[in-house]
Amino acid sequence: MTGDGTGATPESDADIVVAQGTFDILHPGHLHYLRDAKAMGDRLVVIVARSTNVTHKASPVVPGPQRREMVAGLDPVDEARLGHPEDIFAPIEELDPAVIALGYDQHHDAEAIRAALADRGIDCAVRRASAHEPDYEGLLSSGRIVDRILDERG
Ligand SMILES: Cc1cc2nc3c(=O)[nH]c(=O)nc-3n(C[C@H](O)[C@H](O)[C@H](O)COP(=O)(O)O)c2cc1C
Ligand SMILES: Nc1ncnc2c1ncn2[C@@H]1O[C@H](COP(=O)(O)OP(=O)(O)OP(=O)(O)O)[C@@H](O)[C@H]1O
C-alpha cells in the first residue's frame, strides 16, 4: 500500500529488473524478452552492450547511442543505458537490482554470474526469460535479418 492512494509502487521501493543485450536490429523476440523481464519486477532497466564488448558474434551495424534510443522507446522499458565499457558489473552495483533477467539463449552462464555477484556482495536473483514462439514464420534474430538483407538485396 502506498501513501498516495494510487496503489503505485514508489520508485524508491520498486524492484528493479535488469535486462541486457545488443539489440542491433529490433524484432518481436526483443519485445517478448523485455516484456517477460519487466514482469519479474516493477522497473525495467536495460543495459545496451557497447559494440566493443560484442565479441562473440559480428559487431552490431547500428551505433550504440541509436540502439539505446530505440530500446528506451519500447513499452516495457523504463530506462535504457549504454553499458560500461570494461566492467559489466559496474552498472549492476550502481542499480542494485532485485533480478537480472538473462535472455533465453543469452550466452552468459547463470551460475558464473551468481558467483560474480556473490564475490562483490551483490544480493540479486538471476533468472532466464522465455523464448518467443510466434504463430507465424518470423525472422527473430538481428543476425538473420542482416543475412536475409545480404542474400536478397546484396
Ligand atoms: C549482468 C550483465 C551485465 C552486463 N553489462 C554490460 C555492460 O555494462 N556493458 C556492456 O557493454 N555489456 C554488458 N553486458 C554484456 C552484453 O549485454 C551482452 O551480453 C553481450 O555483449 C552482447 O551479446 P548478446 O546480445 O548476445 O547478449 C552485460 C551482460 C550481463 C549478463
Ligand atoms: N526469439 C526470441 N525470443 C525471446 N528472446 C529473444 C529472441 N530473440 C532474441 N531474444 C533475446 O533478446 C536479447 C538480446 O538479443 P540480441 O541483441 O542478442 O538479439 P538477437 O536477435 O538474438 O541477435 P543475433 O541474431 O545477432 O544473435 C537476448 O538475450 C535474447 O535472448
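Here's a quick tour of this structure, from its nonpolar core out to its two ligands and a few residues worth a look. Keep in mind that you're looking at a predicted model. UniProt, in an unreviewed entry, puts the feature "domain: Cytidyltransferase-like" at residues 19–142. Over residues 19–142, the chain is 30% helix and 17% strand, and the C-alpha atoms at the two ends sit 17 Å apart.

**The nonpolar core**

- The largest nonpolar core holds 21 residues, and Val18, Ala19, Ala37, Leu44, Val46 and Ala101 have the most contacts inside it.
- Four elements give two or more residues to this core: strand 1, helix 1 (28–38), strand 2 (43–48) and strand 4 (99–102).
- Which of them gives the most? That's strand 2, with five residues.
- As general background, nonpolar side chains tend to be buried together in soluble globular proteins.
- Leu44 is a good residue to click on: leaving aside neighbours within four places in sequence, Leu44 is in contact with Val17, Ala19, Leu34, Ala37, Lys38, Pro76, Val77 and Asp78.

**Strands 1 and 2**

- Strand 2 is mostly covered, with five of its six residues buried.
- Do strand 1 and strand 2 pair in the parallel or the antiparallel sense? They pair in the parallel sense, over six bridges.
- To find one of the matched spots, look for Ala19, whose bridge partner in strand 2 is Val46.
- Ala19 and Val46 also turn up among the core residues with the most contacts.

**Helix 1 and helix 4**

- Tyr33 is found in helix 1, and it counts as buried because it has 25 C-beta neighbours inside 10 Å, where 20 or more is enough.
- Setting aside neighbours within four places in sequence, Tyr33 is in contact with Ala19, Gly103 and Ala129.
- Tyr33 and Pro76 are 43 residues apart along the chain, yet their C-alpha atoms are separated by 9.7 Å.
- His30 lies in helix 1 too, and with 24 C-beta neighbours inside 10 Å, His30 is buried.
- Now swing over to helix 4 (residues 110–119): are its residues buried or not? Helix 4 is hardly covered, and the count of buried residues among its 10 residues is zero.
- Just after helix 4 comes Gly121, which takes a positive phi of about 70 degrees.

**Around ligand 1**

- Ligand 1 is surrounded by 18 residues, and the closest are Gln20, Thr22, Asn53, Gly83 and Ile88.
- Strand 1 (16–21) and helix 3 (90–95) are the elements that give two or more residues to this shell.
- Sorted by class, the shell around ligand 1 has eight nonpolar, nine polar and one charged residues.

**Around ligand 2**

- Ligand 2 has 20 residues around it, with Gly21, Gly29, Gly103, Ser141 and Gly143 coming nearest.
- Helix 1 and helix 5 (142–153) each supply at least two residues of the shell.
- The largest share, four residues, comes from helix 1.
- By class, the shell around ligand 2 has five nonpolar, 11 polar and four charged residues.

**Residues listed by UniProt**

- Under "binding site", again in an unreviewed entry, UniProt lists Thr22, Phe23, His27, Pro28, Gly29, His30, Asp105 and His132.
- Thr22 is also one of the closest residues to ligand 1, while Gly29 is among those nearest ligand 2.
- Asp105 sits in the loop between strand 4 and helix 4. Why is Asp105 called exposed? It has 11 other C-beta atoms within 10 Å, and the cut-off for exposed is 12 or fewer.
- Phe23 is found in the loop between strand 1 and helix 1, and it's buried, with 24 other C-beta atoms within 10 Å.

**Two backbone oddities**

- Here's the rule of thumb: most residues other than glycine have a negative phi.
- Phe23 has a positive phi near 55 degrees, and it isn't a glycine.
- Asp96 isn't a glycine either, and its phi is positive too, near 50 degrees.
- You'll find Asp96 in the loop between helix 3 and strand 4, where it is exposed, with 11 other C-beta atoms within 10 Å.
- So one of this pair is buried, namely Phe23, and the other, Asp96, is exposed.

How values were computed:
Residues numbered from 1 in each chain as written. Chains lettered and ligands numbered in written order. Predicted model: local features only at pLDDT ≥ 70, side-chain atom pairs only at ≥ 80, totals over all residues. Near = placed C-beta within 6 Å. Nonpolar A, V, L, I, M, F, W, Y, C, P; charged D, E, K, R; others polar. UniProt positions renumbered as here; feature names shortened; annotations may be inferred. Core = buried A, V, L, I, M, F, W, Y, C linked by C-beta atoms within 7 Å. Contact = placed C-beta atoms within 7 Å. Pairing = 2+ DSSP bridges.
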